[in-house]
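Reader: Hello! I am new to this structure and would love a close look at a single part of it.

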Amino acid sequence: RIMAGKVKWVTDIEKSVLINNFEKRGWVQVAENEDWNFYWMSVQTIRNVFSVETGYRLSDDQIVNHFPNHYELTRKDLMVKNIKRYRKELEKEGSPLAEKDENGKYIYLDFVPVTFMLPADYNLFVEEFRKNPSSTWIMKPCGKAQGKGIFLINKLSQIKKWSRDSKTSSFVSQSSKEAYVISLYINNPLLIGGKKFDLRLYVLVSTYRPLRCYMYKLGFCRFCTVKYTPSTSELDNMFVHLTNVAIQKHGDDYNHIHGGKWTVSNLRLYLESTRGKEVTNKLFDEIHWIIVQSLKAVAPVMNNDKHCFECYGYDIIIDDKLKPWLIEVNASPSLTSSTANDRILKYNLINDTLNIAVPNGEIPDCKWNKSPPKEVLGNYEVLYDEEMAQSDGTDRDLRGRPGQSPGVKGSRARDSGKPVLTTWK
């Protein structure tokens with residue numbers, strides 16, 4: 001059960017039989033050459049690999065592309081739970097990161113919309129809803145992707161209709177197995193051409209303890225096909241509200257050539273020309289800050305198996321005040337392509353990811369220090385290296401504001417010449 005391994009095929013027939021067998025087990029072949037075959041394992045296959053009853057003992061030359069309990073970050077409810085716990089722990093420690101404003105909101109760690117788990121937090125949700133009864137909320141099943149099962153509400157009656165037991169007035173889910181999260185809807189998204197969009201960014205984590213993560217430079221924006229309106233009459237129109245390609249590709253206005261996508265570099269150019277370079281840099285620094293803080297939030301509970309690495313798909317929404325919000329993190333970001341540019345991007349993403357996980361195409365070795373040379377990073381750049389930050393003495397609990405937070409090295413201000421702490425870039 002390996003993600004990458006050296007294979008000597010005996011015959012073409014044996015090769016085809018093995019590949020068919022792999023595909024049945026949830027493996028996806030992503031690259032092949034004369035000596036190597038690489039397989040990207042599904043989350044279900046990973047579950048089987050690390051299962052107590054049916055699991056396998058991996059050898060030093062076997063590397064897998066998920067952490068055993070990746071769901072601590074990639075399940076919507078667990079991500080929020082871990083971030084809330086992280087905030088509380090920092091508060092107890094008296095960390096300046098957990099500082100709040102006069103309204104009781106976190107100054108530096110307010111990057112996830114107000115969220116409740118259902119059915120567990122139903123009464124808390126009702127209490128919050130009644131504070132602002134005109135608000136809109138978005139409800140999502142915890143274990144689904146591609147926009148499935150998502151709907152918006154702006155009245156308690158809409159949720160009571162299917163979730164309330166009339167006798168006990170307590171929340172009862174239609175399916176006892178399926179948990180939901182309900183989050184305050186970001187109803188003032190930044191619009192371009194009148195349309196809502198979000199960012200899909202790729203982040204590679206090679207180890208959680210110490211934390212070492214890489215940011216992929218070639219992310220993209222996903223646009224809705226229908227112009228955004230906060231009108232309550234359009235709450236059911238998912239072409240207005242959900243950016244998922246799995247939803248948008250069914251719209252009448254979907255463009256199969258560009259796929260409703262922009263590159264991150266195009267977004268950056270647009271923002272620099274309309275809002276200015278300084279605020280654009282600040283926005284991207286805050287996005288990097290969010291990513292690192294979310295990873296730090298789950299690092300203590302993550303099973304940091306030495307055979308594992310993971311490429312996450314981060315979904316970020318930007319509001320009209322240029323504040324970024326973390327919406328969710330995907331364990332299996334789509335590697336299928338909807339356009340020619342998409343295909344090139346994802347091919348490069350897989351290639352660069354494998355070059356970091358298995359440098360120089362050598363036989364994998366889970367004992368190496370997982371710090372590859374700069375020349376193999378491709379389109380990745382080091383986002384955060386906890387070991388290097390601590391050895392340099394620069395990781396002072398990240399006390400600066402987002403955009404002024406210490407990275408792994410010092411730099412100089414462009415104009416003043418005074419030494420300043422680097423941004424997340």
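Which strands does helix 5 lie across, and at about what angle does helix 5 run to strand 4?

Author: Happy to help, and please keep in mind that this is a predicted model. Helix 5 lies across strand 4, strand 5, strand 6 and strand 7, and its direction makes about 145° with that of strand 4.

Let's begin with the helix itself. Helix 5 covers residues 122-131, and its buried residues include Y122, F125, V126 and F129. These four sit on the same side of helix 5, because they cover an arc of only 100° around the axis. The spacing makes sense: an α-helix has 3.6 residues a turn, so residues three or four places apart point the same way. Now look at the face turned away from that buried side: there you will find N123 and K131, which are exposed.

Next comes the sheet. Its 4 strands are arranged in the order 4-7-5-6, with antiparallel pairing, and the sheet is open. Strand 4 (115-118) and strand 6 (151-153) form the edges, each pairing on one side only. On average, neighbouring strands are turned by 25° against each other, direction ignored.

To see one pairing in detail, follow strand 4 to strand 7, residues 180-184: the two run antiparallel and are joined by 4 bridges. L118, for example, has Y180 in strand 7 as its bridge partner.

Helix 4 (residues 76-92) also packs on this sheet, where it touches strand 4, strand 5 (137-141) and strand 7. The direction of helix 4 makes about 130° with that of strand 4.

Notes
Residues numbered from 1 in each chain as written. Predicted model: local features only at pLDDT ≥ 70, side-chain atom pairs only at ≥ 80, totals over all residues. Heavy atoms only, no water. Buried < 20%, exposed > 50% of the residue type's maximum accessible area, 1.4 Å probe, protein only. Arc of directions from axis to C-beta. Pairing = 2+ DSSP bridges. Axes fitted to C-alpha atoms, helices over the stretch in contact; angles between N-to-C directions. Contact = heavy atoms within 4.5 Å.
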